[in-house]
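Hi,

Here is the structure I promised to pass on. Have a look at it first, and then read my notes underneath.

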Number of protein chains: 2
Amino acid sequence: MVATDIATRVWNHTFKLDPIVRSLLDTDFYKLLMLQMIRGLHPDVDATFSLTNRTASVRLADIIDEDELRAQLDHARSLSISHREMIWLAGNTFYGTRQIFRPDFLEWLARFRLPPYELRRVDGQFELRFEGRWTDTMMWEIPALAIINELRSRAAMRDMKRFELDVTYARAKAKMWEKVQRLQKLPDLRISDFGTRRRHSFLWQRWCVEALKEGLGEAFIGSSNVLLAMETDVEAIGTNAHELPMVRAALARSDEELLAAPYRVLAEWQSYYGGNLLVVLPDTFGTAAFLRGAPQWLADWTGFRPDSAPPIEGGEEIIAWWQKMGQDPRDKLLVFSDGLDIDSIEKTYHHFHGRVRMSFGWGTNLTNDFRGMTPTPNPGLDPISLVCKVSSANGRPAVKLSDNSAKATGSAAEVERYRRVFGQGVYDRREVLV
Amino acid sequence: MVATDIATRVWNHTFKLDPIVRSLLDTDFYKLLMLQMIRGLHPDVDATFSLTNRTASVRLADIIDEDELRAQLDHARSLSISHREMIWLAGNTFYGTRQIFRPDFLEWLARFRLPPYELRRVDGQFELRFEGRWTDTMMWEIPALAIINELRSRAAMRDMKRFELDVTYARAKAKMWEKVQRLQKLPDLRISDFGTRRRHSFLWQRWCVEALKEGLGEAFIGSSNVLLAMETDVEAIGTNAHELPMVRAALARSDEELLAAPYRVLAEWQSYYGGNLLVVLPDTFGTAAFLRGAPQWLADWTGFRPDSAPPIEGGEEIIAWWQKMGQDPRDKLLVFSDGLDIDSIEKTYHHFHGRVRMSFGWGTNLTNDFRGMTPTPNPGLDPISLVCKVSSANGRPAVKLSDNSAKATGSAAEVERYRRVFGQGVYDRREVLV
């Protein structure tokens, strides 16, 4: 393991470009799984991804220099997957499966480059869009978010002195350790790093992953970040994301096709992957609607990932559905991944322990929790709710309803139509902090 | 400034010898000032220095490997002052004085090497003695203490994992910063690092000095450590120590000479140094006795360093004496240096502020405060009260009474004789923690 004095590094990066994304594998593992399927089944679909800053009060374009942002995005476009990385992808076992990536996909991936981007400043925010084939544009989501979040961190720390930086990282490490000590008290915990997109910085995410690896041992099951999984020798973690049902739904030619889209996607998934990769993400158009129409075969899948419902209510809803479908929840897996931090992890763990298998995907509050860590208050280091979502497919608008209406995306008219087709959700609007 | 990731360094030092003392200037500045005077006035006096561990419950010889200790002591003996260091000593201004070190002394110092040592294990402790000319043996005090203290730290951390080490240093930095923030609230504070002998490690002391330099600015007046003063470009701080009156007293041929010894020493000092170096260390045989017999000319000196009385009572005693001698205490300096930490610094500062000039020499609790910092309790990192004192001069026993009888050294018979000659002190015995 190479240990880096993070404070020194931040202090020193006055050179032209300190690359934020150093590898195309510095992305979430599920992107690669989805990409293989998209390339196999939907190679000609166009999909546009767009940046949205849900924390509108933070005027990103006033904080981040546009030229710096372009330099980082351009640098990411210069990357391709290295020989060493290709060997690792081809030779490694993921989720217990050898050669999960097929040779023709890997051959294609070896030539992959990120497509062009469109960047404009509009009213203090960046309008950042990626247009083109779904197979190309979807790979921008994670690096684009990581770049903007880290450029914002750097801007917030630009005027800090050497010792202030050192103490800030020292405090953040101490705070992180308090969390680790609490997690150590949860027997048979299973937790992973899901913090790539919102991370404070690459080096800090690496520190967090290495810290969890040493501090939690077996309880730390891995990282969603492919590069860090490779570098720190932990498992790569992740299954599928909202973009699959969102694109599928956008392409639907009738309300009937729209209603069936979430299940069609999962049938396709099943044709590519098995075992612990069979995890349902049910909330794209509301979990209640999803479960009402869910076919029996989905009850045989390994688990569900409730991603926008409150974790306890969301988990109970899925357990009740499993029981209705004749399944024993103790054989099933719930993956929690929405805005988790130590309190909600503990609460959720204790609530469900013994009744269902659980794992936790810990994101923003793992890799970007610098609140209160600076010697003088620095709100520029507080995490924001920045997303990069598919906004249209083949020119048709894409929509997400979610179990929290604050997370809904899409035009008002389309959201209205989807709500009519899928029905209203059962959860209230809740503030989205991260 | 070269920033070192301390945790990484500690983790990595599995190579044969990670030298603790890397330079003969890694010692306290007052040693050099005293050495110049001793060489000039007492070049033929023999003085034996001996190690005493006042924290007897810590069995050092069970913790520290004797071979490692010998290797470190032998390494220190291999050192001489480098060309670059000699230039700095000759060319620098100390306490506002150019060429404070005379050319013939520097010429002699350039050839200086530490003399042999005698090391034995006795009942779980190390018996470590340095015999020979005072001009040679006195230079062992600081490196010997620094070596043993750091070997003990290393032993205490040997089984800690990478992340535990990192978190330990992170927490220690955060704790240190809390102290700095409190010190920032004290206007016209003057504070210096006196922590060489008891430091956790060389790298940690360097971090503390750099942190104080950045965090306190002008309020941080420098370090007693000559090497760190040179490397971090701060003032070298220090005046004189107990060994001067102790040796002088041991050589006295009558009770009258004994009683006069503390003042004879200061008259000698005055023949070598002036200005802010005229600081009286009054407690060697009890401050009350010292002040009773003190000549008028001592009232003209810049200040006093009460080193074993409780700071407020000790300071008041000296202020009362100045007033009795017709001096205005607001023109005078009190240097506090005994077991200080943030609470006692604040309390002493507020008590005397506006009535007298003050400066603080912050030692063990600056450079070795790891209490409660490790993820699991590790009392091996708690500082201990280890001293290396002159024990005899020209074969005659040396004695220190001090204002705290727990700090008295010397044979019972000699201590009794000194108490008869100087009279009893006015302070109670107090536990010596550091």
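Below is what turned up, starting with the interface and then moving to the cavities.

One thing to keep in mind: this is a predicted model.

Let's start where chain B meets chain A. The contact draws on 24 residues from chain B and 24 residues from chain A. Together the two chains bury about 2,100 Å², and 61% of that is on carbon and sulfur atoms. If you want to know who does the work on the chain B side, look up F163(B), W177(B) and E214(B): they supply 34% of the area that chain B buries against chain A, more than any other three residues.

There is charge pairing here too, with four salt bridges between chain B and chain A. In one salt bridge, the side chains of K173(A) and D166(B) come together at 2.9 Å, N to O. Polar contacts across the interface add up to 16 residue pairs. On the chain B side, α9 (162-183) and α10 (202-216) each give at least two residues to the surface touching chain A, and α9(B) has the largest share, with 13 residues. By class, that side of chain B has 11 nonpolar, four polar and nine charged residues.

Now for the empty space. The structure has 13 cavities of 30 Å³ or more, and the largest holds about 550 Å³. Its lining counts 34 residues, and the closest to the centre are Y30(A), R197(A), R305(A), D307(A) and S337(A). In chain A, α8 (141-157), α12 (243-250) and β12 (386-393) each supply at least two lining residues, with β12(A) giving the largest share, five residues. The lining of this largest cavity splits into 14 nonpolar, eight polar and 12 charged residues.

Cheers

Terms used
Residues numbered from 1 in each chain as written. Chains lettered and ligands numbered in written order. Predicted model: local features only at pLDDT ≥ 70, side-chain atom pairs only at ≥ 80, totals over all residues. Heavy atoms only, no water. Contact = heavy atoms within 4.5 Å. Buried area = accessible area lost by both parts, 1.4 Å probe. Polar contact = N/O pair within 3.5 Å; in protein donor to acceptor, adjacent residues only side chain to side chain. Helix = DSSP H or I, 4+ residues; strand = E, 2+ residues; numbered from the N terminus. Nonpolar A, V, L, I, M, F, W, Y, C, P; charged D, E, K, R; others polar. 1 Å grid on protein atoms, 1.4 Å probe; cavity = no way out; pocket = protein on both sides within 12 Å on 5 of 7 lines; lining within 4 Å. Points joined across faces, edges and corners; volume = space filled by probe spheres on them.
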